[in-house]
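Me: I should like to discuss how the structural terms applied to this model are justified. Please set each value against its criterion.

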Amino acid sequence: MGRPSDNMIIDVAEAEAERMMNMMMSSSTPANMPLLSLNHVSYLCKSVGASVRFYEQVLGFVLIKRPSSFKFQGAWLFNYGIGIHLLECNSPDDIRNKKGAAINPKDNHISFQCSDMKLVMRKLERMNIEYVTATVEEGGVKVDQLFFHDPDGYMIEICNCDNLPVLPLSSSCPIKKKLPQTPNMRHIASLSGNGRSCAGEVEDKMLENLFQDLMDLSF
């Protein structure tokens with residue numbers, strides 16, 4: 001038996017992908033929202049300039065081009081796969097004054113995963129930025145946290161929260177994870193569109209296994 005060509009492997013995988021997709025579409029599994037990732041967080045601030053300097057110098061964000069059609073002052077920053085959108089308020093009274101308030105870890109906040117907590121602490125200390133620390137322990141796993149305020153009093157957390165495993169309390173819909181893909185798998189996955197359903201997560205895994213089986217048969 002001759003070795004199947006790459007085109008033959010892809011044709012077979014495409015046919016199987018279409019069959020499975022039709023099966024999934026007819027399934028009674030409820031569809032998940034076609035969400036991909038967190039895009040940005042938006043903050044109302046008293047001084048766009050002061051906040052831009054803070055997010056650049058303290059957290060390493062990069063100022064990026066903002067659409068010129070906006071009729072109000074603001075700035076966009078980006079890094080680590082997420083955007084920070086700053087909107088300058090019309091009046092200082094528009095923002096609840098948290099400047100100088102006690103740092104409360106239970107306040108609303110945005111959290112950044114970190115690989116070196118001590119380095120962050122040293123930087124905050126050099127910049128005279130007050131912070132508080134906390135520790136969470138679960139099943140022998142320890143998570144370090146530190147909290148501080150931006151110029152308008154918005155809470156920021158730095159942590160190593162990835163130490164904790166993500167354990168869903170419901171099995172009704174799998175958590176979306178980015179699957180490793182070969183160039184050919186990316187070609188096959190494009191048949192299913194960008195939005196993924198709960199069933200789509202299962203479909204992706206089945207396609208991945210199918211493609212690997214076909215590759216094994218070709219050698």
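The exchange below takes up disulfides, burial, strands, aromatic rings and a pocket.

Reply: The model is predicted, local features need pLDDT of at least 70, and side-chain atom pairs count only at pLDDT 80 or more, whereas totals for chains, interfaces and linings use all residues. Residues are numbered from 1 along each chain as its sequence is written, and side-chain values use heavy atoms, with hydrogens and water left out.

Me: What makes C159 and C161 a disulfide?

Reply: A disulfide is a pair of cysteine sulfur atoms within 2.5 Å. The sulfur atoms of C159 and C161 lie 2.3 Å apart, so the criterion is met. The structure holds 1 disulfide. Because the torsion about its S-S bond is about -130°, it is left-handed.

Me: Why are C45 and C89 not counted as bonded?

Reply: Their sulfur atoms are 7.0 Å apart, which is too far for a bond. For C45, the sulfur of C89 is the nearest cysteine sulfur.

Me: How do you know which of these cysteines are buried and which are partly exposed?

Reply: Buried means under 20% relative accessible area, exposed means over 50%, and partly exposed lies in between, with a 1.4 Å probe and protein chains only. C159, at 2%, counts as buried, as does C45 at 0%. C89 is buried at 11%, while C161, at 29%, is partly exposed.

Me: Why is strand 8 described as largely enclosed?

Reply: In strand 8 (residues 155-159), 5 of the 5 residues are buried, so the rest of the structure largely encloses this strand. M155, E157 and C159 point one way and I156 and I158 the other, and all are buried. In a regular strand the side chains alternate between the two faces of the sheet.

Me: How do you know that strand 8 pairs with strand 5 and with strand 7?

Reply: Strands are DSSP runs (E, at least two residues), as helices are (H or I, at least four), numbered from the N terminus. Two strands pair if DSSP finds at least two bridges between them. Strand 5 and strand 8 run parallel and are joined by 5 bridges, so they qualify. I110 has I156 as its bridge partner in strand 8. Strand 7 (residues 141-149) runs antiparallel to strand 8, also with 5 bridges, and there Q145 is partnered by C159. Strands 7 and 8 form a hairpin with 5 residues between them, and G153 in the turn has a positive phi of about 90°.

Me: What makes strand 1 and strand 2 edge strands?

Reply: The open sheet of 4 strands has the order 1-4-3-2, with mixed pairing. Strand 1 (40-45) and strand 2 (62-64) each have a single partner strand, so one side of each lacks a neighbour in the sheet. Strand 2 pairs with strand 3 (residues 74-79) in the antiparallel sense over 3 bridges, with L63 opposite L77.

Me: Why is the pair of F54 and Y55 called edge-to-face?

Reply: Rings of Phe, Tyr and Trp (its six-membered ring) pair if their centres lie within 6.5 Å; planes under 30 degrees apart count as stacked, over 60 as edge-to-face and the rest as tilted. The centres of F54 and Y55 are 5.2 Å apart with 85° between the planes, so the pair is edge-to-face. Both residues are buried. Ring pairs link F54 and Y55 into a cluster with Y43, F61, Y80, F112, F148 and Y154.
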